[in-house]
Amino acid sequence: NSNFYSDKRVLISILASRLLRFIFRAFLNHSINLQVEEVNAAPLVDISENICEELSHNVENIEAKQKGNLSYDYASNEQLEIDRLVYEAYGLNEDDIREVENWYARRYPALAAAQKANLKKS
């Protein structure tokens with residue numbers, strides 16, 4: 001899908017998703033240092049035009065909101081939708097998604113707790 005590569009926002013959203021973070025940490029590099037080789041080895045799939053547009057739109061929203069507020073909480077907003085779209089693009093089922101989400105909560109407990117608290121506020 002040429003649209004995947006033509007919009008850098010789509011690639012950014014996929015590489016910054018929980019799913020790719022899980023793949024990087026669990027399978028490609030178990031340390032905190034991510035190297036170019038691991039990024040080049042990222043399993044990228046063809047995704048639909050609709051998902052590409054939605055991913056790009058979410059990253060545009062984050063960019064615009066962070067220009068006005070550098071501490072904007074995109075993790076409790078657009079990032080949730082980005083992760084959902086990436087899960088869909090990669091064909092994950094509910095069990096797969098739960099595995100990634102549980103891994104994230106174990107690996108990044110402070111971030112997961114902060115996001116959970118922010119979601120309760122809204």
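1. How much space lies in the largest pocket? In this predicted model, the largest pocket holds about 390 Å³ of space. Its lining is made up of 20 residues, and those closest to the centre of the pocket are Arg 21, Tyr 74, Ala 75, Gln 79 and Tyr 104.

2. As to where this lining comes from, two or more residues are given by each of helix 2, helix 3, helix 5, helix 6 and helix 8, and the largest share, four residues, belongs to helix 8. By character, the lining of the largest pocket divides into ten nonpolar residues, five polar ones and five charged ones.

3. Helix 8, which spans residues 109-121, also contains Gln 115, a residue that deserves a paragraph of its own. Gln 115 counts as buried because its relative accessible area is 8%, which falls under the 20% cut-off. The side chain of Gln 115 is joined to that of Arg 18 by a polar contact of 2.5 Å. When neighbours within four places in sequence are left aside, the residues in contact with Gln 115 are Arg 18, Ala 75, Ser 76 and Leu 80.

4. Turning to the nonpolar interior, the largest nonpolar core has 26 residues, and those with the most contacts inside this core are Ile 14, Leu 19, Leu 20, Ile 47, Leu 55, Val 86 and Tyr 90. At least two residues of the core are supplied by each of helix 2 (8-15), helix 3 (18-28), helix 5 (49-68), helix 6 (78-89) and helix 7 (94-107).

Technical notes. Residues numbered from 1 in each chain as written. Predicted model: local features only at pLDDT ≥ 70, side-chain atom pairs only at ≥ 80, totals over all residues. Heavy atoms only, no water. Core = buried A, V, L, I, M, F, W, Y, C linked by side-chain atoms within 4.5 Å. Buried < 20%, exposed > 50% of the residue type's maximum accessible area, 1.4 Å probe, protein only. Polar contact = N/O pair within 3.5 Å; in protein donor to acceptor, adjacent residues only side chain to side chain. Contact = heavy atoms within 4.5 Å. 1 Å grid on protein atoms, 1.4 Å probe; cavity = no way out; pocket = protein on both sides within 12 Å on 5 of 7 lines; lining within 4 Å. Points joined across faces, edges and corners; volume = space filled by probe spheres on them. Nonpolar A, V, L, I, M, F, W, Y, C, P; charged D, E, K, R; others polar.
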